[in-house]
Amino acid sequence: MQPLLEIIGLEVNFYTHAGVVHAVRGSSFAVQPGETVALVGESGSGKGVTALAVMRLVPRPGRIDGGRIRFDGRDLTASSDPEMRRVRGAEIGMIFQDPMSSLNPTMTVGRQIAEMVEKHRGLSRKEAMDRAAEMLALVGIPNPRTRLGQYPHEFSGGMRQRVMIAMALACEPKLLIADEPTTSLDVTIQAQILDLMASLQSRLGMAILLITHDLGIVARLADRVVVMYAGQVVEQAPVDDLFHVTRHPYSRALLRAIPNPQAEGRRDLEAIPGSPPDLYREPEGCAFAPRCAFAMEVCARFAPPEVEVGAHHVSRCWLLDLRAGQWGRRFLEAN
Ligand code: SF4
């Protein structure tokens, strides 16, 4: 099957007064039609910047310096600005952690949704308002006709997030990018929003690229997981493999550092020792080496290869390369 979204060797740098921040360094992964892919990693891993790059919304002083972003047969890195404005909203929807930053506080929610469909679908004003009411009903907002005329501040946090989802899906995009979509909400509302996303996905058949640090959300929604560290993809696997046959030492540390919904019984969380690397300097070998309990001499000197370790499961680590010999075998036997 042709992937809906294919990111190949993406490079994003930020040109600051203090030097160049290498935020994304040669990342590659794909999202199939209808699939949910979770992008996980600590803050500063490059997951949020990758999502912005797909929308071609990397803020200054950042820029895409290399690689390709293929979406539905087109190269978005080569698309014109007007073409990208059409793609955003019509073909790729996006929801953020804080809906207030994306909703216009001076415009009614009905007008905001209607404008989107008028612009991208060519509907009349009345048809667009009908569509807006239909979308509010679809995301479970009671009395949608009345609420069309209200402003964002008249909605609760959970309801505002539903409005964002209604707006993002109004044009039935093929891909929804959800950046920490429920972080600011309480647990009950979080569960409702996640259920809503899952049911809308099966109803509309769209793919989701989910950016999160919450493994509970990953377990609940994702088909596949892409783990990023210091701007690079270090492991990608089907969701069950990632939880049960984790191959990369960083992914293992990440699973131990945050509550894992698939772990049996209670266990203490273990902080990952050290801190993420300084992205001003590109590491010579493996960026995780200073924090890795399994680091070998080769790790600090040469970038690790990407190794296929299972069906659709790849990991970028010297331990998995036969050339690492004895150490690699011991790691695999112990895990
Ligand atoms: Fe650890 Fe070496 Fe693997 Fe990097 S390549 S994760 S340092 S073992």
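Here are a few notes to help you find your way around this structure, which is a predicted model.

1. Start with the overall layout. The protein splits into two domains: domain 1 takes in 5–91 + 173–271, while domain 2 covers 103–167. Going by C-alpha atoms, their centres sit 26 Å apart.

2. Next, have a look at where the domains meet. Nine residues of domain 1 make contact with eight residues of domain 2. On the domain 1 side, the elements that supply two or more residues are helix H2 (81–90) and helix H7 (187–204). H7 gives the most, with four residues. As for the make-up of that side of domain 1, you'll find six nonpolar residues and three polar ones, with no charged residues.

3. Strand E6 (residues 92–95) is worth a stop. Is Met 94 buried or exposed? Met 94 is buried, and so is Ile 92 on that side of the strand; Gly 93 and Ile 95, on the other side, are buried as well, so both faces of E6 are covered. In a regular strand, side chains alternate between the two faces of the sheet.

4. What does E6 pair with? Its partner is strand E7 (residues 175–179); the two run parallel and are joined by four bridges. If you want a spot to zoom in on, Met 94 stands opposite Ile 177 in E7.

5. Finally, the ligand. It is surrounded by 14 residues, and the closest are Cys 286, Cys 292, Ala 295, Cys 299 and Cys 317. By class, this shell has 14 nonpolar residues, with no polar and no charged ones.

Conventions
Residues numbered from 1 in each chain as written. Predicted model: local features only at pLDDT ≥ 70, side-chain atom pairs only at ≥ 80, totals over all residues. Near = placed C-beta within 6 Å. Nonpolar A, V, L, I, M, F, W, Y, C, P; charged D, E, K, R; others polar. Domains from an automatic or database assignment. Contact = placed C-beta atoms within 7 Å. Buried ≥ 20, exposed ≤ 12 C-beta atoms within 10 Å, placed from the backbone. Pairing = 2+ DSSP bridges.
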